[in-house]
Amino acid sequence: MPVRPVDSDRIVTESDGVTVTRAAVSLGAEISGVDLTGPLPDEQFNAIDAALVEHEVIVFRDQNITSDHLTAFGRRFGELSVHPFAPMDEAAPEVIQFRNDENSAPYGTDNWHSDETFRTEPPMATVLCAKVVPALGGDTMFASMSAAFEGLSDRMQRFVSGLEAIHDILPFRPLFGSSERDRRELQRFELKYPLQVHPVVRIHPVSGRKVLFVNPVFTVRIKDMDENESRTLLDVLFRQAHVPEYQYRHRWAPHTLVMWDNRSAQHYAVHDYYPQRRYMERVTIRGGPVIGVDRADPKDVRRIKFEAPAGVDLYGGHKPHVVD
Ligand SMILES: [Fe+2]
């Protein structure tokens with residue numbers, strides 16, 4: 001399970017007044033020097049956009065912003081999308097409102113996923129802003145799926161490169177009952193959001209990193225594989241998001257905004273705070289086509305090969321003794 005080597009000289013970087021401080025080894029960075037209540041100069045926007053691609057998850061603290069500010073910030077990155085199933089403000093349908101309290105338990109986000117992979121073109125990024133947070137709990141976990149791909153063995157990288165997987169509106173199906181009206185409504189959604197085929201390993205369109213692009217919320221099957229083979233392989237790949245070395249865990253405070261690159265990171269909303277209150281607002285930025293790797297070139301699959309410097313003991317003194 002290779003882990004990216006830490007470049008300790010590049011933990012804090014600064015450009016155009018935007019300071020980026022890495023928060024974990026595989027992904028995550030805090031951004032400071034930016035005020036999202038005002039207009040964002042182009043140079044600062046470019047620095048933030050670059051940080052998003054590089055660090056996959058970026059965090060802005062102490063941003064007491066309105067829904068309009070959130071929408072305006074999201075629109076700097078592209079057109080916003082409207083979620084077909086999430087609760088929204090009628091006047092501003094791009095803003096999803098997560099209002100969880102003693103009467104409204106959180107729904108269906110306590111599992112690893114990237115957002116809306118049931119779409120032909122899943123979103124490029126999501127922005128979530130905390131308004132009210134529980135005293136304890138309610139963290140969001142993130143996993144770098146580029147690090148997760150790098151962590152696979154060379155043989156597994158070669159095996160999964162070029163495979164395709166089927167994605168579905170699976171978690172939303174229980175929202176429909178068995179009445180005639182509900183069945184017709186579900187059929188309408190199935191026609192609008194048919195099964196999608198996405199590559200198992202996608203190429204990030206900006207960084208060029210290879211990313212493991214299957215998730216247990218929306219991915220139902222590996223295409224052209226036997227059901228048993230598909231289930232077993234998906235279980236192995238899904239477990240890559242569980243590896244702590246690929247994760248960043250975010251603890252929320254009010255007025256914190258977190259943006260994740262949906263093309264390279266997955267997330268998991270920890271449901272341990274009910275019935276405390278939590279109120280968040282979200283906007284989602286449309287993405288482009290998902291481009292995958294064809295067949296793997298054995299010499300090209302791994303982006304980073306970790307080789308210890310001369311004289312460094314890779315086993316940390318734990319190398320097994322060889323008995324003659
Ligand atoms: Fe999500």
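**Close-up views of a predicted model**

**View 1. Leu-212 and its surroundings in the nonpolar core of the predicted model.** Setting aside residues up to four places away in sequence, Leu-212 touches Met-145, Ala-148, Phe-149, Val-201, Leu-237 and Gln-240. Leu-212 belongs to the largest nonpolar core, which holds 61 residues, and it is listed together with Ile-31, Ile-58, Val-127 and Met-145 as the residues that touch the most other members. Strand β7 supplies the largest share of this core, with 5 residues. In soluble globular proteins, nonpolar side chains tend to be buried together.

**View 2. The open sheet of 9 strands.** The strands of this sheet follow the order β1-β2-β3-β4-β15-β7-β17-β6-β5, and their pairing is mixed. At the edges stand β1 (12-15) and β5 (88-89), each of which has a single partner strand, so that one side of each is left without a neighbour in the sheet. Within the sheet, strand β6 (residues 92-100) and strand β17 (residues 278-285) run antiparallel and are joined by 5 bridges. Arg-99 has its bridge partner in β17, namely Tyr-279.

**View 3. Helix α1 and the strands it packs against.** Helix α1 comprises the 14 residues 42-55, which at 1.5 Å a residue should span 20 Å, and the distance of 20 Å between its end C-alpha atoms agrees with this expectation. Seen down the axis of α1, its buried residues fall within an arc of 140°, so they line one face of the helix. These buried residues are Ala-47, Ile-48, Ala-51, Leu-52 and His-55, and they pack against β1, β2 (18-22), β3 (29-32), β4 (57-60), β7 and β15 (257-261). On the face of α1 turned away from the buried side lie the exposed residues Asp-42 and Glu-43.

**View 4. Leu-52 within helix α1.** With 23 other C-beta atoms within 10 Å, Leu-52 is buried, the threshold for that assignment being 20 or more. Leaving aside neighbours within four places in sequence, the contacts of Leu-52 are Ile-58, Ala-125, Met-259 and Asp-261. Of these contacts, Ile-58 is also named among the residues of the largest nonpolar core that touch the most other members. By contrast with these contacts, Glu-79 lies 17 Å from Leu-52, C-alpha to C-alpha, at a separation of 27 residues in sequence.

**View 5. Helix α2 and its buried side.** In helix α2 (residues 67-75), the residues Leu-70, Phe-73 and Gly-74 are buried. They cover an arc of only 100° around the axis, which puts them on the same side of α2. The buried residues of α2 pack against β6, β7 (125-132) and β17, and these three strands also appear in the order of the open sheet of 9 strands.

**View 6. Strand β16 and its partner β8.** Strand β16 (residues 265-269) is mostly covered, with 5 of its 5 residues buried. Burial extends to both faces of β16, with Ala-265, His-267 and Ala-269 on one side, and Gln-266 and Tyr-268 on the other. Strand β8 (residues 140-144) runs antiparallel to β16 and is joined to it by 5 bridges; in this pairing, Ser-144 stands opposite Ala-265.

**View 7. Glu-56, Glu-116 and the cis peptide bond at Pro-275.** Most residues other than glycine have a negative phi, and most peptide bonds are trans. Glu-56, which is not a glycine, has a positive phi of about 70°; this residue follows α1 and is found in the loop between α1 and β4. With 31 C-beta neighbours inside 10 Å, Glu-56 counts as buried. Glu-116, likewise not a glycine, has a positive phi of about 55° and is found in the loop between β6 and β7, where Glu-116 is buried, with 24 other C-beta atoms within 10 Å. The peptide bond from Tyr-274 to Pro-275 is cis, with omega near 10°, and Pro-275 is found in the loop between β16 and β17.

Technical notes. Residues are numbered from 1 along each chain as its sequence is written. This is a predicted model: local features need pLDDT of at least 70, side-chain atom pairs count only at pLDDT 80 or more; totals for chains, interfaces and linings use all residues. Two strands pair if DSSP finds at least two bridges between them. Helices (H or I, at least four residues) and strands (E, at least two) are DSSP runs, numbered from the N terminus. A residue is buried if 20 or more other C-beta atoms lie within 10 Å of its own, exposed if 12 or fewer, and partly exposed in between; C-beta atoms are placed from the backbone. The arc is that of the directions from the helix axis to the C-beta atoms. Two residues are in contact if their C-beta atoms, placed from the backbone, lie within 7 Å. The expected span of a helix is 1.5 Å times one less than its number of residues. A nonpolar core is a set of buried Ala, Val, Leu, Ile, Met, Phe, Trp, Tyr and Cys residues joined through C-beta atoms within 7 Å.
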